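Me: I have a structure open and some questions about its fold. Can we go through them one at a time?

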Amino acid sequence: MTGAPSAGECDRLAIMHVDMDCFFAAVEALDDPLLKGRPLVVGGMGGRGVVCSASYEARAFGVSSTMPTAQARSRCPDAVFVAPRHARYRELSRQIRAVMDGFTPLIEPVSLDEAYLDVSGGRRLLGEGAAIAIALRRRIGEELQLTCSVGVGRTKLIAKLASEAAKPRVGRPGEPPSPGHGVVVVPVERELDFLRPHPVRALPGVGPASARELRRFGVSTVGDLAAVPLESLVRFFGVAQGTNLHELASGRDSRRVEPERATRSIGHEETFAVDLRERAELVRRAEAMARAVAARLSEAGLAGRTVTLKVRSGDFSTRTRSSTLRRAEHQPQLIAEVVVELAKEVSLAGGVRLLGVHLSGLVELDASRPWQLDLFGGAEPTGRAAARDAAAASVRERFGSAAISVGGDSTPTASGARDFLGALSRLAEVRDDEGPAGTGAGRSRAEQARSQPRKG
Ligand SMILES: [Mg+2]
């Protein structure tokens, strides 16, 4: 390593991590001022609902995100429980984004309430990172009556940990939180002192499993980790993960702020009150979710190329199956068909607890449209028919002949056109990924071990 900054590192403090303070709960309190200052939990209300967001007053009672709502209820029976209103959160998220747009074009949203900003381009006009952070935070407060915490540093890792350090602190049960700094800036020369006391879990890619393993070697903080020789980490975690950990623990982070990350995937997941055990029910649910996701995709003006079905069994093992289309698609019928095919292959052993449908490989809808117009309206270029037949044959091969009919064999016209489209666009590739508790077919143990820590 030379002293020169790498790709994602700035010479100065220009990376910012903006994180709204308990966003969903704050939005609920914004829309209903009676909820302000009360223990408030936003979460699924069904028997297996989980907490999406909790006010600091609720957190004081030990309520936290992803905890089952039932558990939150027993920890804080006096809290107000409300179901999430995602459309409203998206609306406000867009407004927050609009405020950020006024500061820099380099914005990488991580979720509805969290984003990385690279403000290196605006410093001459807007001042140093710290000044920009203070101005941005004030603007969000003024325009939206919502608070956020902002971390500023030379790298994404530092900025992220700094925004965490800027957060309000939970008070004792029944007491209000103490206000946080709002903005924390970590100067370059203070980076290592700032990093060292953090638990290893604070590093991206260190999940509960890695943290447990590291603890066995007496490594619990980032400082401990930084003292472990690179060779030992590589021997233990493999080259990729070992090197990555070594770099991060030493304060080196080459990840850039990637604006295109905005649209990496769109999806929907559902945890069922009772495990699904019937194939027909599973297929029906998966199909409905696929249509919902396709609708959101069109809403966002996007089309997606990779369709993924995620299935968590009753024993919490998780598998994903995905299908990569030849072209990005957004039509509900087509996406639903692909998902149905994937759902037919899902194992029902142990019941299905959670189902998710995701579309990734997203492109702007306009980019995919010419191809569709050409299919439905224009003359077929030479070779297109042959390509279509080959595609259909390959789909049949994978899914059996029941899976597809081409060019309106026996089905009504609309569906014929759709199948035709389906045959042509379908499958470059079908992929199976298994969670840690899967059977391991198709993946080596080493591969599984490598991917495992990243899930945390
Ligand atoms: Mg947040």
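Me: Which residues of helix 12 are buried?
Reply: Keep in mind that this is a predicted model. Helix 12 spans residues 239–249. Just after it, G251 takes a positive phi of about 85°. The buried residues of helix 12 are Q241, N244, L245, H246, L248 and A249.

Me: How many helices and strands are there in the protein?
Reply: The protein has 456 residues, and 35% of them are buried. Its secondary structure comes to 18 helices and 14 strands.

Me: Among contacts between residues at least 6 apart in sequence, what share joins residues at least 24 apart?
Reply: Contacts between residues under 6 apart are left out of this figure. Among the rest, the share that joins residues at least 24 apart is 65%.

Me: Why is one side of strand 3 and of strand 4 left without a neighbour in the sheet?
Reply: Three strands form an open sheet with mixed pairing, in the order 3-2-4. Strand 3 (51–54) and strand 4 (80–82) stand at its edges, so each has a single partner strand. On average, neighbouring strands here are turned by 25° against each other, direction ignored. From the order 3-2-4, the partner in the middle is strand 2.

Me: Which residue of strand 4 is the bridge partner of L40?
Reply: Strand 2 covers residues 40–43 and runs parallel to strand 4. Three bridges join the two strands. In strand 4, the partner of L40 is V80.

Me: What angle does the direction of helix 1 make with that of strand 2?
Reply: Helix 1 (residues 23–31) packs on the sheet. It touches strand 2, strand 3 and strand 4. Its direction and that of strand 2 make an angle of about 115°.

Me: Is helix 1 roughly parallel or roughly perpendicular to helix 4?
Reply: Helix 4 (residues 86–101) packs against helix 1 with the axes 10 Å apart. The angle is about 95°. Angles of 65 to 115 degrees count as roughly perpendicular. So helix 1 is, relative to helix 4, roughly perpendicular.

Me: How do the residues of the contact of helix 1 with helix 4 divide into nonpolar, polar and charged?
Reply: Helix 1 brings F23, F24 and V27. Helix 4 brings R88, Y89 and L92. The division is five nonpolar, no polar and one charged.

Me: Which helix gives the most to the largest nonpolar core?
Reply: This core holds 71 residues. M16, V41, L117, V150, V152 and A162 touch the most other members. With six residues, the top contributor is helix 1.

Me: How many residues are in the second, separate core?
Reply: Its members include V293, A303, A328 and I335. The count for this core is 27 residues.

Key:
Residues are numbered from 1 along each chain as its sequence is written. This is a predicted model: local features need pLDDT of at least 70, side-chain atom pairs count only at pLDDT 80 or more; totals for chains, interfaces and linings use all residues. A residue is buried if 20 or more other C-beta atoms lie within 10 Å of its own, exposed if 12 or fewer, and partly exposed in between; C-beta atoms are placed from the backbone. Helices (H or I, at least four residues) and strands (E, at least two) are DSSP runs, numbered from the N terminus. Two residues are in contact if their C-beta atoms, placed from the backbone, lie within 7 Å. Two strands pair if DSSP finds at least two bridges between them. Axes are lines fitted to C-alpha atoms, for helices over the stretch in contact, and angles run from 0 to 180 degrees between N-to-C directions. Angles under 35 degrees count as roughly parallel, over 145 as roughly antiparallel, 65 to 115 as roughly perpendicular and the rest as oblique. Ala, Val, Leu, Ile, Met, Phe, Trp, Tyr, Cys and Pro count as nonpolar, Asp, Glu, Lys and Arg as charged, and the others, Gly among them, as polar. A nonpolar core is a set of buried Ala, Val, Leu, Ile, Met, Phe, Trp, Tyr and Cys residues joined through C-beta atoms within 7 Å.
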